[in-house]
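Colleague: Could you take me through this model? I should like to begin with burial and then move on to other topics.

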Amino acid sequence: MAARALVLDLDGTLWDSYPWLARVVADGDEDAEVAAAAALRDRVPAARVLRDAGVTASAFKSVCAGARDLEPYPGVRETLDELARRGIPLAVVTN
């Protein structure tokens with residue numbers, strides 16, 4: 001039986017959020033960026049890393065709304081475009 005839709009995991013499958021989140025947390029501070037990336041790789045929840053850095057929910061929403069530097073893994077855009085071209089309904093989930 002063919003699938004009716006495809007649900008994909010975002011982080012670690014389509015995109016690696018850790019470098020981007022570390023940049024958000026660091027706000028230009030290279031040492032803070034390295035520390036945030038290490039914490040995320042050590043499985044500290046992103047919400048805790050953001051909160052500990054003083055990034056409020058509203059500030060994070062604002063950063064996300066303006067994000068233009070998000071690069072998926074190689075081949076992801078082309079694959080998603082092809083799936084969309086074929087009319088396959090897609091959804092993305094994370095944590």
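Colleague: What share of the protein chain do buried residues make up?

Modeller: Buried residues account for 20% of the 95 residues in the protein chain. Please bear in mind that this is a predicted model.

Colleague: And what radius of gyration does the protein chain have?

Modeller: The radius of gyration of the protein chain is 16 Å, whereas a compact globule of 95 residues would have one near 12 Å. The C-alpha trace spans about 50 × 25 × 25 Å along its principal axes.

Colleague: Which pattern does the chain follow along the sequence?

Modeller: The pattern is β-α-α-α-α-α-β, with five helices and two strands.

Colleague: How much of the contacts comes from residues 24 or more positions apart?

Modeller: Such pairs account for 68% of the contacts with a separation of 6 or more.

Colleague: Turning to the largest nonpolar core, how many residues has it, and which have the most contacts inside it?

Modeller: The core has 16 residues, and Trp 20 and Leu 50 have the most contacts inside it. Two or more residues come from each of α1 (17-26), α2 (30-41) and α3 (46-52). The greatest contribution is that of α1, with six residues.

Colleague: What is Trp 20 in contact with, leaving aside its neighbours within four places in sequence?

Modeller: Trp 20 is in contact with Trp 15, Phe 60, Val 63, Cys 64, Ala 67, Asp 69 and Leu 70.

Colleague: Now the pockets. What volume has the largest pocket?

Modeller: Its volume is about 500 Å³. The lining comprises 21 residues, of which Asp 11, Ser 17, Leu 21, Ala 46 and Asn 95 are the closest to the centre.

Colleague: Which helix gives the most to that lining?

Modeller: That is α1, with four residues. At least two residues of the lining are supplied by each of α1, α3 and α4 (57-65).

Colleague: How do the lining residues divide into nonpolar, polar and charged?

Modeller: The lining has 15 nonpolar residues, three polar and three charged.

Colleague: One last residue, Ala 59: where is it found?

Modeller: Ala 59 is found in helix α4. Between Ala 59 and Val 24 there are 9.9 Å in space, C-alpha to C-alpha, and the two are 35 residues apart in sequence.

Colleague: Why is Ala 59 classed as partly exposed?

Modeller: Ala 59 is partly exposed because its relative accessible area is 32%, and that class lies between the limits of under 20% for buried and over 50% for exposed.

Methods: Residues are numbered from 1 along each chain as its sequence is written. This is a predicted model: local features need pLDDT of at least 70, side-chain atom pairs count only at pLDDT 80 or more; totals for chains, interfaces and linings use all residues. Side-chain values use heavy atoms; hydrogens and water are left out. A nonpolar core is a set of buried Ala, Val, Leu, Ile, Met, Phe, Trp, Tyr and Cys residues joined through side-chain atoms within 4.5 Å. Buried means under 20% relative accessible area, exposed over 50%, partly exposed in between (1.4 Å probe, protein chains only). Contact means heavy atoms within 4.5 Å. On a 1 Å grid over the protein atoms alone, a cavity is a set of points where a 1.4 Å probe fits but cannot get out, and a pocket is an open set with protein on both sides within 12 Å along at least five of seven lines; lining residues have an atom within 4 Å of a point. Grid points are joined across faces, edges and corners, and a volume is the space filled by probe spheres set on the points. Ala, Val, Leu, Ile, Met, Phe, Trp, Tyr, Cys and Pro count as nonpolar, Asp, Glu, Lys and Arg as charged, and the others, Gly among them, as polar. The radius of gyration is taken over C-alpha atoms; the globule rule is 2.2 Å times the number of residues to the power 0.38.
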